[in-house]
Amino acid sequence: MGTLRFPFLFFLVASAAVVGAALGSQYLGGLQPCELCLYERWPYYAAIVLAMLGFAVRGGMVARVAMWLIVLVFVASSCLATYHVGVEQHWIAGPTACTGGIGGASSPDELLKMLQARQPVQCDVVQWSFRGISLAGFNLIASVLLFAVSLAMALRGARE
């Protein structure tokens, strides 16, 4: 399992690059993240920690477990990104706090409460896209690719 050190380095760099791109688009590009965008970062943070752990240990059971946990992290990341893309495309309903309009208020006070509970950035509104692919769509692509690579590496490690 000592050959798994390179894949852990790969997942560390790839996850850091995705998080760096997200933070760069926020702090340098001026794109404010919605609630789901922030949730989509969590799996990458977990992958960074697991990759550092797997890289630090030199094989053995801890490395195998870390690799399989990375597989699960990217499954979760793929599911979360799929959900966000579905919300953006209005295929499925998103969290009520960050999607939809403000309606149904029976009084000005109720409308004010609804506005205060509403997130400033809507999860179902695409802020930026390239050739029709939103940032959530790019995250979906990255998550699925990283899942496929991590699964291949975990299976390879299980055979060794």
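Accessible areas here come from the Shrake-Rupley method with a 1.4 Å probe, and on that basis the accessible surface of the protein comes to about 9,000 Å², of which 70% belongs to carbon and sulfur atoms. The model is a predicted one. It contains five helices and two strands, which run α-α-α-α-β-β-α when read from the N terminus on.

**Overall make-up**

- Of the 160 residues in the protein, 36% are buried.
- Among the contacts in the protein with a separation of 6 or more, 73% are accounted for by residues 24 or more positions apart.

**Helix 1**

- Helix 1 covers residues 5-27, and because each of its 23 residues is taken at 1.5 Å, the helix should span 33 Å, a value with which the 32 Å between its end C-alpha atoms agrees.
- The buried residues of helix 1 are Pro7, Phe8, Phe11, Ala14, Ser15, Val19, Ser25 and Gln26, and two of these, Phe8 and Phe11, also appear among the residues that touch the most other members of the largest nonpolar core.

**Nonpolar cores**

- In soluble globular proteins, nonpolar side chains tend to be buried together.
- The largest nonpolar core in this model has 20 residues, and those touching the most other members are Phe8, Phe11, Tyr44, Met67, Ile70, Phe74 and Leu146.
- Two or more residues are given to this core by each of helix 1, helix 2 (35-56), helix 3 (61-88) and helix 5 (135-159), with the largest share, seven residues, coming from helix 3.
- Once residues up to four places away in sequence are set aside, Ile70 touches Phe8, Phe11, Ala47, Leu50, Ala51 and Ser150.
- A second core, separate from the one described above, consists of six residues, including Cys34, Leu36, Val87 and Cys98.

**The surroundings of Trp128**

- Trp128 is located in the loop that lies between helix 4 (108-117) and strand 1 (129-130).
- Trp128 counts as partly exposed because its relative accessibility is 40%, whereas the buried class is reserved for values under 20% and the exposed class for values over 50%.
- When neighbours within four places in sequence are left aside, Trp128 is in contact with Leu31, Ile133, Ser134, Leu135 and Phe138.
- One of these partners, Leu31, is 97 residues from Trp128 in sequence, while the two residues are 8.1 Å apart in space, C-alpha to C-alpha.

Notes: Residues are numbered from 1 along each chain as its sequence is written. This is a predicted model: local features need pLDDT of at least 70, side-chain atom pairs count only at pLDDT 80 or more; totals for chains, interfaces and linings use all residues. Side-chain values use heavy atoms; hydrogens and water are left out. Helices (H or I, at least four residues) and strands (E, at least two) are DSSP runs, numbered from the N terminus. The expected span of a helix is 1.5 Å times one less than its number of residues. Buried means under 20% relative accessible area, exposed over 50%, partly exposed in between (1.4 Å probe, protein chains only). A nonpolar core is a set of buried Ala, Val, Leu, Ile, Met, Phe, Trp, Tyr and Cys residues joined through side-chain atoms within 4.5 Å. Contact means heavy atoms within 4.5 Å.
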